[in-house]
Amino acid sequence: MNRRQFITISTLSVAGLALGGTVLGNGRNFDLTELYQKLKSLQGKTLASSGDWNPAQIFRHCAQSIQGSLTGFPLQKSPFFQHTAGKLALFSFKAAGAMTHPLAEPIPGMAALEPNEDPQQALTALLQTLELFIQHSSTGATLAPHFAYGALNTTDYQAAHWLHLHNHLSQISI
């Protein structure tokens, strides 16, 4: 990162946090229980993907992301990245109500996605992991730092998961 990028990202990050940081975007309904029901409605259906990953890989990737918030991510971006570009990215996604990121990019350090996994098995794993997160977050228990966004409170993690899942689910069709 050159000096100009550093200054731009730092300025935007500080401005974003000064304007409310984690507050902006929280007025949106990042309802994971509603999303859970939407995912359940996919059970038993033949699914297709418009992207590079098949539905099983998409479901497994999303489950890995949620599991990382519960037990930790194998690799972390630098604290500097998390406190600047990472926080700014999440702030921007929440403000926009949508996430955009490379949809075939694995989570650093996570297990490789199996291209031949049964999509319904991967969907079941995602549903179980999402249910664990919903139960865990309702207790107020601490969550593991996100590999790119750093330490997040429950509300921000709910938003991050909701936005991430919606971004990936945009590639799945029945």
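In the predicted model, G68 is found in helix α3. Its relative accessibility is 0%, so G68 counts as buried. Beyond four places in sequence, G68 touches F73, M110 and A144. F147 lies 79 residues away from G68 along the chain, yet the C-alpha atoms of the two are separated by 8.4 Å.

F147 also takes part in the surroundings of P108. P108 sits in the loop between α4 and α5. Leaving aside neighbours within four places in sequence, P108 is in contact with P74, L75 and F147. F73, a contact of G68, is 35 residues from P108 in sequence and 8.1 Å from P108 in space, C-alpha to C-alpha. Unlike the buried G68, P108 is partly exposed, with a relative accessibility of 30%. This value is not under 20%, the limit for buried, and not over 50%, the limit for exposed, so P108 falls in between.

The chain as a whole holds six helices and two strands. From the N terminus, the order of elements is α-α-β-α-α-α-α-β. Of the 174 residues, 43% count as buried. Contacts across long stretches of sequence prevail. Among contacts between residues at least 6 apart in sequence, 89% join residues at least 24 apart.

Two histidines of helix α6 were examined next. H168 lies in this helix, which spans residues 154-169. H164 lies in α6 as well. H168 is buried, with a relative accessible area of 0%. H164 is also buried, at 10%; this value is under 20%, so H164 meets the limit for buried. The side chains of H168 and H101 are joined by a polar contact of 3.2 Å. Apart from residues up to four places away in sequence, H168 touches W53, I58, H61, C62, H101 and L103. On the same count, H164 touches H61, C62, S65, M99 and H101. H61, C62 and H101 thus appear in the contacts of H168 and again in those of H164. W53, I58 and L103 are among the contacts of H168, while S65 and M99 are among those of H164.

T154 is also placed in helix α6. Outside its neighbours within four places in sequence, T154 is in contact with S137, A141 and L143. For A141, 13 residues from T154 along the chain, the C-alpha separation from T154 is 8.5 Å.

Helix α6 also packs against another helix. The axes of α4 (residues 79-96) and α6 come within 10 Å and cross at roughly 70 degrees. This angle makes α4 roughly perpendicular to α6. On the α4 side, the contact is made by L90, F93 and K94. On the α6 side, D156, A159, A160 and L163 contribute. By class, the contact of α4 with α6 has five nonpolar residues, no polar residues and two charged residues.

Helix α2 (residues 32-40) has L32, L35, Y36 and L39 as its buried residues. Seen down the axis of α2, these residues fall within an arc of 105 degrees, so they line one face of the helix. What covers the buried residues of α2 includes α3 (55-71), α5 (119-138) and α6. Helix α6, which contacts α4, is thus also part of the cover over α2.

The loop between α2 and β1 (48-49) holds L42. Its relative accessibility of 11% is under 20%, so L42 counts as buried. Leaving aside neighbours within four places in sequence, L42 is in contact with L47, F59, Q120, L123 and I174. I172 is 130 residues from L42 in sequence, and the two are 9.9 Å apart in space, C-alpha to C-alpha.

Terms used
Residues are numbered from 1 along each chain as its sequence is written. This is a predicted model: local features need pLDDT of at least 70, side-chain atom pairs count only at pLDDT 80 or more; totals for chains, interfaces and linings use all residues. Side-chain values use heavy atoms; hydrogens and water are left out. Helices (H or I, at least four residues) and strands (E, at least two) are DSSP runs, numbered from the N terminus. Buried means under 20% relative accessible area, exposed over 50%, partly exposed in between (1.4 Å probe, protein chains only). A polar contact is a pair of N or O atoms within 3.5 Å; within protein, one must be able to donate a hydrogen and the other to accept it, and residues adjacent in sequence count only if both atoms are side-chain atoms. Contact means heavy atoms within 4.5 Å. Axes are lines fitted to C-alpha atoms, for helices over the stretch in contact, and angles run from 0 to 180 degrees between N-to-C directions. Angles under 35 degrees count as roughly parallel, over 145 as roughly antiparallel, 65 to 115 as roughly perpendicular and the rest as oblique. Ala, Val, Leu, Ile, Met, Phe, Trp, Tyr, Cys and Pro count as nonpolar, Asp, Glu, Lys and Arg as charged, and the others, Gly among them, as polar. The arc is that of the directions from the helix axis to the C-beta atoms.
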